[in-house]
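Notebook open, model loaded. I'm jotting down what I look up as I go.

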Amino acid sequence: MTPLDTIANEVATTQDNLLAHRDSLPALRTQVLRSFDRREAKRTQYLRRALVVAAVFGSAALLVTALVAARHRARPLEVVAVHDELVPMSVNHHDTPSTATSQTPHPSETSDLREAPVDPARESPPRPVRAPTTRSVPIPKYDSPSPRPIDHTPTPATNAVTPTARLDDESWAQLAHKGRFNEAYALAQRSGFSNLCDTLPARDLVTLSETARWAGHVRESRQPLLSTRARFAGTAEAAAATFALGRIAFDDSNDAREAIEWFTTLLREYPSGGLSREASGRLVEAYVRVGDLPSAKTHAERYLASYPTGPHAGLAHRVLER
Amino acid sequence: MIDPEGDPASGVRPVRVVAETTTDAGTLHQRLLRGERAAAAILFDRHAPMVERLLLRILGSDSELDDLVHEVFVRAFESAHRLRDPDAFAGWLRRLAVCAAMDLLRSRRRRRRWLWFLPPDEMPEVEAPGVDESTREAVKATYRLLDALPVEDRVAFTLRVLDGMPLASVALACECSLATAKRRISRAEQAFLTAARAHPALATWVTDRHADRHSEFDDRGDA
């Protein structure tokens, strides 16, 4: 055994002897457990506070979300309109704050049309169409020159409507004008929706489409528009119907590819019409939404070349910067 | 064994420990994490003697020994959620004890450095019954000499030489590599022996026959 071992043994023996006679552990145990209790009490208190805070913040977040969702649902489709007596069709114009007053038989009703945010990256699910709180606003005047002559004279189909049919039409149309779209749509269905599509004049077809749309029947709302395109090809109503088809695909059906087809058709058939600017901007949006950036850039360049200060100019610049 | 009923006089809620020795570490750990006081009591009963002995070895007879034991267990219960392997509770507790002891020694050293004009802390008397005066003096002198060593070297030395802990455990407790632990022990051993030869209370223990001895831990079979 080395001297160090000897010292170690002596120290260890002495300390073991000391430990054997120490009686401080019971008191220590009490102290330790008391500390443990305090710590647990504190922890429970913190947990309770955290739960209360989480509940408060969670409730607030839910409330805000519900309010935002309610506001989003209650807001009619962002519409800016320019009145046209021939085609009472509402049209989206992004980033164009304005107020339009209806010159229809309800002059007291006005639509406050505000700027609609453009967020092409947002992939919103199909949004249920709700009845607007005010009447839908007529579409922009379609007065630009077009490669195809637009005939504003009443078509033979308009004149072909019988007086009886006219009376029925007035009844659903009156309901629609009063904002009772569900009833108006039901009445139109009873009158024969397809028959109406085949017989109504262009202006009423747009009203019928709007009625179906606000009543929540997005798919059915396309039929009068398709009928307008087929029956009144080359007219301003057909151009507006084409745009409306694209808008329904874009906004309501969330089908950007179909929207691209309609907007492209509109620009091909009516390249310098009053809806070209909006269709061009929407086309950029739609290409961004489907993730086709090269096409989006191409159309963004075209848009900026034609409308450098247009409502979609900001979006076009952002697309080109990508 | 400590009475598991607690100390009614102190106002602390009595704890009934059922089958204390049979409760496995994993279950105890889970119960501790759930905040069960009985689990804390069982763990204290199981490991407090080891912690107390370990701290006594490192620090010697010290007035802050009880406080340190208390601190070690409070730390352990507070950070029990960090322990991944409940079976390693004892080793983890040992490491906590070593850390607490090192912190105390370092803070004392800092205090001595900055408050050098105050009288040094006196080692408390070793009050072990049945121990003769010369042995008491030798023990006191041992810790006085250990006070002069670097904290890391001192702790490694006391764990290895005084407590007889295996080298691997020393390295684990000191949170260093095996080589570092060996180096620290060797360095402390040489410094301690040199100082002990010059100390009157230890001179008789460290005679010339020690002059050509080899490093202690090399002969223990686990180096």
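Where in chain B is confidence lowest, and where is it highest? I find the low in helix α9 (residues 200-203) of chain B, at a mean of 82, and the high in α6(B), at 92. Helices here are DSSP runs of H or I, at least four residues, numbered from the N terminus; pLDDT is the predictor's confidence in each residue, from 0 to 100.

Ground rules: this is a predicted model, with local features needing pLDDT of at least 70 and side-chain atom pairs pLDDT 80 or more, while totals for chains, interfaces and linings use all residues. Residues are numbered from 1 along each chain, chains are lettered from A in the order written, and side-chain values use heavy atoms, without hydrogens or water.

Next I checked chain B as a whole: its mean pLDDT is 79, and 75% of its residues reach 70 or more. Over residues 1-19 of chain B the pLDDT is below 50, yet I see 32 contacts (heavy atoms within 4.5 Å) beyond near neighbours in sequence. Residues 208-221 of chain B are also below 50, with 26 such contacts. Where pLDDT is low, the coordinates should not be read in detail. I noted ipTM 0.72 and pTM 0.45 for the model.

Then B:R160, which sits in helix α6 (residues 151-162) of chain B. B:R160 is buried at 3% relative accessible area; buried means under 20%, with a 1.4 Å probe and protein chains only. Its side chain reaches the backbone oxygen of B:M165 at 2.9 Å.

Last, A:G246 in helix α9 (residues 236-252) of chain A. A:G246 is buried too, at 0%, and touches A:A259, A:W262 and A:F263, leaving out residues up to four places away in sequence.

Technical notes: Helix = DSSP H or I, 4+ residues; strand = E, 2+ residues; numbered from the N terminus. Buried < 20%, exposed > 50% of the residue type's maximum accessible area, 1.4 Å probe, protein only. Polar contact = N/O pair within 3.5 Å; in protein donor to acceptor, adjacent residues only side chain to side chain.
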